[in-house]
Structures are given as C-alpha cells and as structure tokens.
Amino acid sequence: MAGIIDQIKERVDIVDLIASYLKLQKSGINYKARCPFHNEKSGSFFVSPDRQIWHCFGCGLGGDAFGFVKQIEGVEFPEALRILAARAGIELHHGGEDHGQDGIEWQSQKTKLLDISELATKFFEKQLWQSDVGAKALDYLRSRGLTDESIKNFRLGYAPDSWDALSNFLQRSYASKEIFDAGLVIKKDGGGYYDRFRSRIMFPIGDLNGQVVGFSARVFGETAQNPEAPKYVNTPQTLIYDKSRVLYGLDKAKLDIRRQNRCLVVEGNMDVIMSHQAGAAHVVASSGTALTEGHLRIIKRYTDNLDLCFDADDAGTTATDRGVDLALAKGFNVGIISINESDLKDPADYVKKYGSKWLEYATKSQPFMEFYYKGAQKLFDVATALGKKLFVQKLVPFLASMANKIEQAHWVGEIALVLKTKEELLYNEIESARSKLAIALETESLPATNIQKAEAGLDPQEESLLSLIIKKPALIGNIKPEDMEFLSAGLVNLFEQVAPSEPPGKPIEGQPLNVLTEPTLAMKMDLAYLKSQEMWKDFKEHELDEEFGKLIGQIRRRKVSARLNDLEYEIKTAEKAQNKERLSALVGEFSKISKQLAN
C-alpha cells in the first residue's frame with residue numbers, strides 16, 4: 001500500500017491539486033484560499049508546498065492530498081485513491097477481487113458503480129458510432145450543429161430500443177443488483193430488471209474529475225412519436241450521482257472558469273456542448289434540476305462572477321429568478337445574458353446560426369438588476385396603482401438579496417424616482433421580503449454535506465502552543481515541572497519530536513526538528529509547522545514570549561476548571577451515598593484546586 005501511495009504523493013503536487021478546485025493566492029511561502037468546508041469571508045485555508053499539506057485555521061480540518069480529495073469529493077479512501085492515481089498516471093491493478101498489488105482495498109461500492117457507469121458509456125458510444133440506428137442518431141446530432149469532435153469529446157452515445165441490451169452486456173462483469181444501484185436498470189414488479197434507457201441519445205454526466213456518474217437521455221426515433229414518452233430521462237439519485245451537486249460540463253469548464261473568472265450557467269446539455277464548440281468553455285448546466293445551493297457552492301470555488309442564460313419561456317424565467325435569488329444570497333456578482341431574437345430560443349440555436357460569435361456574446365452580460373429593471377418598465381404601467389404594486393413585487397425580492405448596501409441604495413433611489421414614492425416605503429418592503437427569503441432559503445437549503453472533522457487530537461490551545469514552540473524552540477525551556485501535569489500526553493510526545501535529545505525544561509534553541517517516521521505524528525507536526533509559519537510570522541521576540549505565557553496560563557486554567565466541575569459532581573455523589581471519608585477527601589481536593597485557580 002505504501003508503494004502506491006508514495007508514488008502518488010511524489011507525482012501529485014498538492015498546490016496543483018487544490019488549485020484545480022479552489023482559487024489559491026500566494027501568501028509568503030504558502031498559499032491561501034477561502035475554506036470550501038465552512039462559510040467564511042476571509043481566507044483561513046492554507047496550503048504548504050514545502051510540507052505538501054493543507055490546513056484550515058477556521059474549522060480545523062487539514063491533511064495531505066488524500067485527505068483533501070476525501071473531504072472535497074465526499075468519498076472514502078478507495079475513491080480518493082482512484083482519483084489521485086488517475087491524476088498521477090498510475091494504473092491500479094487487481095491483486096485479488098477487490099485488492100491491488102499492495103494488498104490495498106481500492107474498489108469500494110462507489111468505485112464499482114463508477115466502473116459500471118464507465119462501461120455503460122462505452123456501450124452507448126459503440127451503439128452510436130457502429131450501429132444502423134445509432135447512425136440515424138448521429139446524423140440528427142450533426143444536423144443540430146454538433147461536430148464529430150464535440151460528440152466524441154462529450155462522449156455522446158445511443159441507447160438501443162431494447163429492454164435488456166445494456167443489462168445483458170453489463171451482466172458479463174457485474175451483478176444485476178450492482179447495475180441497479182448504478183441507476184441503469186429498473187426493477188420489474190414480478191421480479192427481474194429492465195433497461196432504464198431505451199431508444200435515447202445519451203449524454204454522460206461527469207463529476208469534477210471526469211468520471212461518469214450518471215446520464216441524461218433524450219428521446220429519439222419512434223419512441224419520440226409517443227406523446228406520453230418524456231423528452232428527457234435522467235439517472236435517479238444514486239450513491240455516486242446527486243443532481244443537486246453535479247453540474248454538466250464542469251469537469252471540462254473549471255479551468256476556463258478560473259481563467260476567465262466567470263461562469264455561465266445555461267439550461268440544457270446541448271447548450272453546453274455547442275458553447276464549448278464555439279470557444280465559450282466557461283459554460284455549464286444544472287443536471288435535470290433547478291440551480292441549487294450545492295451547485296453554487298461548487299462554482300464559488302472557482303469564481304465570484306456568475307452569469308445566467310435560461311430559455312425565455314415561463315419555466316426559464318422562473319429558473320432565472322430563483323437562480324438570481326440564490327446566487328445573490330451566496331455573494332455572487334450576477335449577470336444575465338438574454339437572446340433577443342425570436343427564432344433563437346437558447347445558446348445552442350445561437351451557436352448553430354452564428355458560430356464563434358457566441359464566444360464574445362457569452363461574456364457580455366447585463367447586470368441582473370438592470371435587466372429586471374428595464375424588463376419591469378416594459379411590463380407594468382407605473383402610472384396606475386396596480387402597475388406600481390406589480391413593479392415593486394417584481395423588483396423588491398432582488399433588492400432584498402443584495403449584499404452590497406451601496407448598490408441597493410442606488411436602485412432604491414431609481415425605483416422610488418420612477419414610482420414617485422418615498423424611499424422609506426421601499427425599504428420597508430425590502431425588510432419584509434428579506435424575512436420571507438430567509439425562511440425560504442432555510443427551508444430549501446441542502447442537508448449538511450458529509451464532511452468529517454479532522455482526527456481528534458490536540459485542542460486548539462495546545463495546537464497553538466506547539467506551533468509557537470516550533471517557531472521559537474527555546475520557549476520549551478520555560479515550561480515548569482508543575483506545568484507538565486496540565487499538558488496532554490500527546491502534546492508532550494510531540495515536544496519530544498521538536499527536541500528529541502532534551503527533556504522539557506532545558507533550552508534547545510537552534511536544534512533542528514526531528515525527522516519523523518510515524519505517519520500520524522508526522523502529519524500533526526506538519527500541520528503545527530504550517531500553523532507556526534502563518535500564525536506567528538508577524539510577531540516580535542518579546543511578543544512570542546508573552547503569547548507563550550498566556551497559552552500556558554489558559555491551558556492550566558481550563559484543566560483546573562474542568563477538574564473542579566468533575567469534583568462538584570463527585571461531591572454530590574458522595575453526599576448522596578453518605579460516604580463521609582470520600583466526601584472529606586473530595587472537599588479537601590476541591591479547596592486545594594480552587595486556590596490553584598485563584599492563583
């Protein structure tokens with residue numbers, strides 16, 4: 001196991017890895033960003049290229065490349081190993097049913113589902129390019145304006161009009177239950193399974209690493225003539241596919257989103273593919289659902305600038321309104337791109353007609369409030385009481401979502417001028433709308449993501465003390481023998497790694513850090529080293545001494561207070577049991593420790 005892991009760590013630079021998920025900024029010898037695992041405005045998430053680790057001083061999470069992938073992707077070790085091995089160009093070979101050559105279990109239930117989805121994708125691709133019916137689907141895609149290069153790049157395929165063609169193919173390697181868990185078949189009432197996707201053009205949906213996790217399937221052929229047949233059928237919720245957290249095309253768009261510092265969200269899969277074909281590679285789409293907080297949370301890793309371009313029908317308008325509300329609540333700078341030609345309903349149509357002109361058009365969004373303000377002026381007659389009411393109802397929810405008070409004040413002034421009313425009345429409406437918005441967002445917010453806290457170890461004060469001693473090793477000589485009883489065994493053990501040849505209590509200034517071989521200790525020391533670089537970098541020598549004294553005092557007080565709380569409970573228990581001897585001893589200890597706390 002160590003062989004594969006060490007190879008991966010040698011080939012995968014943690015800065016490059018995390019930069020593919022987050023916007024990193026240089027901070028001295030390290031890099032920093034806003035933490036993706038908790039809400040914060042200022043960056044407390046740091047990456048050390050020297051130590052090849054990351055750590056957030058806000059929420060306490062930290063670790064190596066494997067730890068980051070596990071947290072950011074919400075996966076266990078086998079999936080993280082698979083992702084990083086692919087990034088490192090290392091092929092994982094079976095050494096047993098589910099074990100690699102190093103004896104490591106690398107194929108979990110999730111990785112099996114990913115393998116099944118990948119095999120299904122290859123099946124659909126072969127049907128598109130090598131079957132007679134697939135040829136008709138291929139001609140249709142070309143007629144829509146797609147090039148063969150785009151079709152292959154996005155791995156489009158075709159599901160034949162059969163109840164079991166895919167099932168029979170996959171059952172050569174996998175059990176029916178596993179194929180069902182991947183969302184590719186449906187259970188029959190009388191037992192058995194049948195293919196979910198039949199006579200459809202297949203759009204594979206990839207995760208951030210390009211692994212296929214699901215499908216969006218457009219009806220085609222004779223089935224399309226059936227009015228009851230849904231136009232699109234999508235993969236249901238599975239262990240690897242959560243439509244509220246997957247954006248179609250993001251695996252291909254993420255680098256351009258960061259490069260342009262802008263993301264454009266469109267409505268359909270064809271809109272994404274045609275946009276990329278035209279050179280607008282910062283375009284993504286939600287996967288068969290409205291834009292969610294989960295989607296926005298992922299986009300926020302790459303940019304603060306979000307544009308929306310949905311269809312102009314009622315559903316598209318509703319989706320735009322909802323998307324703007326959520327995006328503003330998440331602090332995005334929001335723009336709208338509208339296609340104002342009656343014969344063009346979406347970006348795919350625009351690209352088919354104008355080609356690469358879409359690249360320029362897709363980067364010139366209109367500020368969202370300007371878009372709605374001008375639209376409302378055309379829709380409502382503000383000379384009438386009803387028109388004023390509808391005008392306000394349309395615009396006030398967006399004003400309520402604005403985080404920037406200056407921008408909000410500007411538009412309040414503009415609207416008050418048009419309506420010939422007092423700004424104070426508009427602010428009252430805004431407060432009312434803000435309350436309703438907060439309730440709606442709280443009701444519809446996603447459940448907490450599966451983020452596990454870092455391994456329990458030192459408390460924050462002990463972590464700070466360790467990092468301070470790493471910054472100035474001589475301070476370890478200031479620890480008095482009576483202080484030692486208040487320090488955890490784990491911290492004392494780590495002190496020995498700072499000064500292995502000297503026990504606490506003797507100066508060690510100038511001695512190098514010990515090279516650790518035990519992985520858990522090594523990681524704790526690496527995190528403490530990163531903390532020492534960032535937390536104490538601007539402190540002068542005498543300030544470091546002062547902070548040391550404060551931390552020792554805080555640790556002593558906390559431990560003494562905790563012991564007093566325990567003694568109170570034990571005294572009550574002894575009183576209830578009428579154990580006079582035990583009670584006398586406890587009261588004596590309580591008195592002694594109370595004096596320690598006073599000191």
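These legends cover close-up views of a predicted model.

**View 1. The chain as a whole.**
The predicted model holds a protein chain of 599 residues, and buried residues make up 46% of them. Its secondary structure comes to 25 helices and 17 strands. Take the contacts between residues at least 6 apart in sequence: 64% of these join residues at least 24 apart. The accessible surface of the chain comes to about 29900 Å². Carbon and sulfur atoms account for 50% of that surface.

**View 2. Arg196, a buried arginine with no salt bridge.**
Arg196 sits in the loop between β8 (193-195) and β9 (200-206). Which side chain of opposite charge is nearest to Arg196? That side chain is Asp195, and it is 9.5 Å away. A salt bridge needs nitrogen and carboxyl oxygen within 4 Å, so Asp195 at 9.5 Å does not provide one. The side chain of Arg196 does reach a backbone oxygen, that of Gly183, at 2.8 Å. Gly183 is also on the list of residues that Arg196 touches, leaving aside those up to four places away in sequence. The others on that list are Leu184, Val185, Ile186, Val233, Asn234 and Pro236.

**View 3. Asp139 and Arg142, a salt bridge in helix α6.**
The two side chains meet at 3.6 Å, N to O. Both residues lie in helix α6 (residues 132-143). They are three residues apart, about one turn of the helix. Are these partners buried or exposed? Asp139 is partly exposed because its relative accessible area is 45%. Arg142 also counts as partly exposed, at 35% relative accessibility.

**View 4. Glu360 and Lys364, a salt bridge at 2.8 Å.**
The side chains of Glu360 and Lys364 meet here, and the distance is given N to O. Lys364 is exposed, since its relative accessible area is 56%. Side chains of opposite charge can pair when their charged atoms come close.

**View 5. Arg582 and Glu570, a salt bridge between two helices.**
The side chains of Arg582 and Glu570 meet at 3.1 Å, N to O. This pair links distant parts of the chain. Arg582 belongs to helix α25 (residues 580-598), and Glu570 belongs to helix α24 (residues 541-577). The partners are twelve residues apart. Arg582 counts as partly exposed at 42% relative accessibility. Glu570 is partly exposed too, with a relative accessible area of 22%.

**View 6. A salt-bridge network of Lys23, Arg34, Lys300 and Asp304.**
Salt bridges that share partners join these four residues into one network. How many salt bridges does the model have by this rule? The count comes to 25.

**View 7. An open sheet of six strands.**
The strand order is β12-β14-β13-β15-β16-β17. The pairing is mixed. Which strands stand at the edges? They are β12 (247-248) and β17 (366-367). Each has a single partner strand, so one side of each is left without a neighbour in the sheet.

**View 8. Where β16 meets the edge strand β17.**
Strand β16 (residues 333-336) runs antiparallel to β17. Two bridges join them. Which residue of β17 is the bridge partner of Gly335? The partner is Pro367.

Methods. Residues numbered from 1 in each chain as written. Predicted model: local features only at pLDDT ≥ 70, side-chain atom pairs only at ≥ 80, totals over all residues. Heavy atoms only, no water. Helix = DSSP H or I, 4+ residues; strand = E, 2+ residues; numbered from the N terminus. Buried < 20%, exposed > 50% of the residue type's maximum accessible area, 1.4 Å probe, protein only. Lys, Arg positive; Asp, Glu negative; His and termini not counted. Polar contact = N/O pair within 3.5 Å; in protein donor to acceptor, adjacent residues only side chain to side chain. Contact = heavy atoms within 4.5 Å. Areas by Shrake-Rupley, 256 points an atom, 1.4 Å probe, with all protein chains shown as cover. Pairing = 2+ DSSP bridges.
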